[in-house]
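Here is a quick tour for anyone meeting this structure for the first time. Keep the 3D view open and follow along.

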Amino acid sequence: MTYHPKSDFLSVIIERGFLADCTDLQDLDTALINRVVPAYIGYDATAASLHVGHLLNIMLLRWLQKTGHKPITLMGGGTTKVGDPSFRSDERPLLGPEQIDANIAGMQRVFDRYLRYGDAPGDAIMLNNAEWLDGLNYLEFLRDIGRHFSVNRMLSFESVKSRLDREQSLSFLEFNYMILQAYDFLELNRRHGCLLQMGGSDQWGNIVNGIDLTRRVAETEIFGLTTPLLTTSDGRKMGKSQGGAVWLNGDMLSAYEFWQFWRNTTDADVGRFLKLYTDLPVEECDRLGALEGSEVNSAKIILANEVTGLLHGTDAAAAAEATAREVFEKGGTGDDLPTLALTAADIGDGISVVQMFVRAGLAGSGKEAKRLIAENGAKLDDAPVTDAGLMLDATAFSSPVKLSAGKKRHALVTLSD
């Protein structure tokens, strides 16, 4: 990069690896030097919790605030009713208002861990785009906003073009999403003086649309900035584990499982993830990332503790580390392991070991559990499971039963009253 920014925010995020693209780096840098810049990221309410894939941009908002600027977390109460088609092969299932509101309530709990909300100039604010989208008059919206959009240009955006090139249907409902998101930026600029929209690089087309619309309607100079779409060093999409999405809400994924996800980071990713997902100084991230051999395990524990501490608190991170040490070093069960509580009715005349692995979240299906057993990767109380047809009756659960999938994934199964 030839331009060297002077503002703290851009200097920090470039050094730590957050920046993919920016519409006008130099003018944005000037704005960040001269004033408190309100900036937003939008989050559609498609699930009851955010997941690790959102964490990069949450950390971006955190650094925005730490360098003196104003984060806006925009909840997509309105846009979720349409669904973002960006880089999807099919249409999102449509959610009702009650489900959307419940999802937003679940997602809000995470932001308080990373951002300071309040009324001061640099305090974050949380908004819901249903506030202005739900009451739109369709004819007025078409006349005042729709006339600024070129269908030809919208068809050229990669997120739309990739769908059409594969001859996959793109509904008119989805096609309207980018107009609504662009309108969000205009409304945020009008209502809150928002100068910057940020998001993943898959949102570039939507962000540029919002900038163009605001320039045309409000004659205001605003900016867009994107982060890279992360993959791990072995090519997997960041945020996916063997068990599915890595949720940020503790009631959907325990602090121990979250900690374990980061502890299992590939050696080559440790330094990069420390810069992106923790507040540790860059020099320390580089030092830890350069460790090799068995020493890199200490860096992975620091990564897991730092990331888990931010989300769940330092006590939860310490408890997760203690559980991991007990399980892996001492062969114990660990009080904080994910637990499947079975009732006598669940067990009946007997429950299959395959079903236990599936219900405990250690296998995605019965077929996957049987393959795990066939490959000698399944253990019951630290003893290899060799028979996929094994059945356990209630007497087997006089004390908690420990299940293990490979060396790093464990769960307890108990019999509840």
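## Two helices side by side

Start with α13 and α15 in this predicted model. Their axes come within 10 Å and cross at roughly 20°. Angles under 35 degrees count as roughly parallel, so that is the label for α13 and α15. As for handedness, α13 passes α15 in a left-handed crossing.

Which residues meet where the two helices touch? From α13 come Val270, Phe273, Leu274 and Tyr277. On the α15 side, they meet Val296, Ala299, Lys300, Leu303, Val307 and Leu310.

## Charged pairs around them

Lys300 turns up again in a salt bridge: its side chain meets that of Asp267, at 2.6 Å from N to O. Asp267 sits in the loop between α12 (255-263) and α13 (270-277), while Lys300 belongs to helix α15 (residues 296-312), so this pair ties together parts that are 33 residues apart in sequence. Are the two partners buried or exposed? Lys300 is buried, with a relative accessible area of 6%, whereas Asp267 is partly exposed at 42%.

Another salt bridge links the side chains of Arg272 and Asp269, with 2.9 Å from N to O. Here Asp269 is the buried partner, at 2% relative accessibility, and Arg272 is partly exposed at 33%. There is also a network to look for: Glu131, Glu187, Arg190 and Arg191 are joined into one by salt bridges that share partners.

Now hop over to Arg143 and Asp144, whose side chains meet in a salt bridge too (3.0 Å, N to O). Arg143 is exposed, with a relative accessible area of 53%, and Asp144 is partly exposed at 34%. How many salt bridges are there in total? The count comes to 16.

## A helix with a buried side

Next, find helix α19, which covers residues 366-374. Its buried residues are Ala369, Leu372 and Ile373. They span an arc of only 100° around the axis, which means they lie on the same side of α19. The spacing fits a general pattern: an α-helix has 3.6 residues a turn, so residues three or four places apart point the same way.

What does that buried side pack against? The buried residues of α19 rest on α18 (353-359), β11 (378-380) and β14 (401-405). The face turned away from them carries the exposed residues Lys367 and Ala374. After the helix comes Asn376, which has a positive phi, near 65°.

## Phe185 and its surroundings

Last stop: Phe185, in helix α10 (residues 177-192). With a relative accessibility of 0%, Phe185 counts as buried.

So what is Phe185 in contact with, leaving aside its neighbours within four places in sequence? The list starts with Tyr40 and goes on to Cys194, Leu195, Leu196 and Gln197. It also takes in Gly210, Ile211, Thr214, Ile222 and Phe223. For a sense of how the chain folds back on itself here, take Ala39: Phe185 and Ala39 are 146 residues apart in sequence, and their C-alpha atoms are 9.9 Å apart in space.

How values were computed. Residues numbered from 1 in each chain as written. Predicted model: local features only at pLDDT ≥ 70, side-chain atom pairs only at ≥ 80, totals over all residues. Heavy atoms only, no water. Buried < 20%, exposed > 50% of the residue type's maximum accessible area, 1.4 Å probe, protein only. Helix = DSSP H or I, 4+ residues; strand = E, 2+ residues; numbered from the N terminus. Arc of directions from axis to C-beta. Contact = heavy atoms within 4.5 Å. Salt bridge = Lys/Arg side-chain N within 4 Å of Asp/Glu carboxyl O. Axes fitted to C-alpha atoms, helices over the stretch in contact; angles between N-to-C directions. Parallel < 35°, antiparallel > 145°, perpendicular 65-115°, else oblique. Left-handed = near helix turned anticlockwise from the far one by under 90°.
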